[in-house]
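Please look through the sequence and the three-dimensional structure shown below. The paragraphs after it proceed from the interior to the surface.

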Amino acid sequence: MAEPPGSTGSETLRFAAHLLRGRWFTVFASFLVMFGAGATYLFGIYSKQIKSTLGYDQTTLNLLGFFKDLGANVGVLSGLIAEVTPTWFVLLTGSAMNFAGYFLIWLAVSGKIPRPRVWQMCLYICIGANSQNFANTGALVTCVKNFPEGRGIMLGLLKGFVGLSGAVMTQMYLAIYGNDSKSLILLIAWLPAAISVLFVYTIRTLEGVPRQRDERRVFFKFLYLSIVLALFLMVMTILQKQFVFPRAAYAGSATVVCALLFVPLFIIISEELAHWKKRNSLPNPALRVKIESSERSESKLVEPAVVHVPWYSDVFKPPPRGEDYTILQALLSVDMLILFLATLCGLGSSLTAVDNLGQIGESLGYQARITSTFVSLVSIWNYFGRVFSGFVSESLLVRYKVPRPLMMTLVLLLSCVGHLLIAFPSPGSLYIASIIIGFSFGAQLPLLFAIISELFGLKYYSTLFNCGQLASPLGSYILNVKVTGMLYDREALKELSRKGMSRDSVKELTCLGRHCYRLSFIILTLVTLFGALVSLILVARTKEFYRGDIYEKFRDGVEESSERESDASPVKKDMDVAGEKSSSERTNANA
């Protein structure tokens with residue numbers, strides 16, 4: 001029996017190395033990277049500062065918002081880079097882009113460089129926002145490949161932490177810089193880049209690592225912890241809007257947030273310690289290594305020769321759903337086109353609402369500090385939407401075979417309610433609208449990513465999930481810049497003309513009143529409803545696929561449960577597992 005970690009210095013070092021190389025530490029590092037990958041959701045806080053400092057009208061500001069959404073959602077480059085480079089290179093590239101883009105914006109807004117042209121500001125924010133895709137590709141794709149059977153839950157957790165990142169960074173900037181939205185841009189520049197650099201070598205895909213049957217139990221621990229963090233952030237956000245906090249109170253709040261962020265590390269240490277003790281309890285571990293290595297060598301001897309065919313020969317002959325599609329097979333499939341259209345309508349409308357939330361609050365007469373509450377509510381409920389869609393859709397799929405696209409249909413219908421509350425506002429309705437829009441916006445992304453991984457396989461997932469979200473910036477450009485921004489400016493110009501003023505007589509074009517966004521959000525409601533109807537087509541097409549066992553092929557490497565382990569000899573169990581694995585490999589090779 002091996003001594004437990006801590007009894008000797010060498011054993012402790014061995015366990016520490018085992019911990020850092022394990023799958024669970026990769027999850028913890030990915031959580032922290034995701035907490036820094038949601039800077040785009042803070043645009044509603046500092047956009048007012050950009051608008052007033054640089055003298056932009058609403059159309060120009062919405063154009064800037066479009067390039068932010070374009071950078072945040074066009075991740076094809078990061079996906080293609082991830083196909084041919086290691087994960088650490090992807091994360092380092094993203095951290096460099098994040099710092100460069102947002103640092104240049106901070107220099108422009110703080111007046112430390114000459115006022116940039118509009119196209120330059122669009123380029124800066126596009127580069128900074130695009131770094132989010134490198135973080136997603138490096139961390140999210142890695143975790144999905146390491147935990148394929150829990151992909152829905154894993155996507156919900158990781159994207160949920162991205163949703164919370166806005167509220168987390170808000171607490172940190174209040175503690176470090178005070179209530180200065182210009183300094184928030186500086187925090188966005190250096191903090192996510194520092195996190196990626198710190199954990200860059202611990203996030204990687206681990207192949208051949210045995211999986212546990214009780215992984216979901218650990219995921220639920222992460223869920224409960226993240227709910228505590230979300231509730232704490234919500235309470236602090238409400239209190240900070242009701243009372244004036246001194247700097248020490250902000251520092252205390254940020255300290256609690258940081259402590260909660262590192263609690264998953266203790267959960268992971270506990271899991272890895274149990275696995276370490278179980279592995280070292282084997283009387284003769286060398287026997288298992290010898291058996292497994294010999295069987296691997298045997299399987300390699302019977303591997304069939306790979307026949308190379310032209311890349312274009314099977315573009316329109318895709319495999320069955322759930323198998324590994326090539327990139328072109330997936331992009332040209334009817335399922336992807338339907339998913340693209342539904343995403344364009346749903347995410348495009350939601351992004352438009354989130355980006356304009358600050359100006360919506362201003363038009364309805366809310367004070368600036370109250371307006372920032374709406375942004376924080378969107379961030380927090382964005383989190384709840386993501387974890388809800390991940391966990392609930394996974395449970396419905398496993399237990400009742402409910403197609404995951406049906407969950408997307410329901411989320412889009414809920415989003416319509418939030419848009420209508422903005423189109424026809426009443427006292428306090430913007431609070432409810434912020435919660436609904438944040439929840440539905442957050443719920444869409446994990447569903448989109450999970451559906452892509454299930455229908456088209458994991459082989460080219462790095463590229464495919466980034467291609468799938470290309471619809472989001474396209475929808476944002478059409479609905480935000482060409483519809484909402486122009487309609488808002490038209491209403492603002494009408495107000496100026498009624499006052500006998502022209503556009504040149506004011507620096508900032510502002511509209512006040514319920515009418516400013518009414519027509520825009522009626523249009524957004526209709527577009528989202530159309531997206532919900534389109535997603536029903538995908539539900540009908542994939543209904544039979546989801547009735548089957550879509551995770552069957554990932555179960556070969558699952559460890560036996562601890563109860564069964566206690567009833568069998570450890571050496572015999574290892575020999576049986578190795579024998580079963582060898583038999584499976586030989587069968588697949590002969591097939």
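In this predicted model, the largest nonpolar core contains 152 residues. Within this core, the residues with the most contacts are Tyr46, Phe222 and Tyr461. Phenylalanine 222 serves as an example. When neighbours within four places in sequence are set aside, Phe222 is in contact with Trp24, Val27, Phe31, Leu157, Pro264, Ile267 and Ile268.

The protein as a whole may be considered next. Its secondary structure consists of 23 helices and 0 strands. Of its 591 residues, 55% are buried. Among contacts with a separation of 6 or more, 83% are between residues 24 or more positions apart.

The outside of the protein can now be examined. The protein exposes about 24800 Å², and 65% of this area is supplied by carbon and sulfur atoms. On the surface, a nonpolar patch is formed by Leu410, Leu413, Leu529, Leu533 and Leu536, which together have about 430 Å² of accessible area. Two or more residues of this patch are given by each of the helices α17 (404-423) and α21 (518-547). The largest share, 3 residues, comes from α21.

One member of the patch deserves a separate look: leucine 413, which lies in helix α17. Is this residue buried, partly exposed or exposed? Leucine 413 has a relative accessible area of 38%. Buried means under 20% and exposed means over 50%, so leucine 413 is classed as partly exposed. Patches are made of residues with over 30% relative accessible area, and the 38% of leucine 413 therefore satisfies that cut-off.

How values were computed:
Residues are numbered from 1 along each chain as its sequence is written. This is a predicted model: local features need pLDDT of at least 70, side-chain atom pairs count only at pLDDT 80 or more; totals for chains, interfaces and linings use all residues. Side-chain values use heavy atoms; hydrogens and water are left out. A nonpolar core is a set of buried Ala, Val, Leu, Ile, Met, Phe, Trp, Tyr and Cys residues joined through side-chain atoms within 4.5 Å. Buried means under 20% relative accessible area, exposed over 50%, partly exposed in between (1.4 Å probe, protein chains only). Contact means heavy atoms within 4.5 Å. Patches are made of residues with over 30% relative accessible area and no salt bridge: like charges are joined within 9 Å, nonpolar side chains (Val, Leu, Ile, Met, Phe, Trp, Tyr) within 5 Å. Accessible areas come from the Shrake-Rupley method with a 1.4 Å probe; for residues, only the protein chains shown count as cover. A salt bridge is a side-chain nitrogen of Lys or Arg within 4 Å of a carboxyl oxygen of Asp or Glu. Helices (H or I, at least four residues) and strands (E, at least two) are DSSP runs, numbered from the N terminus.
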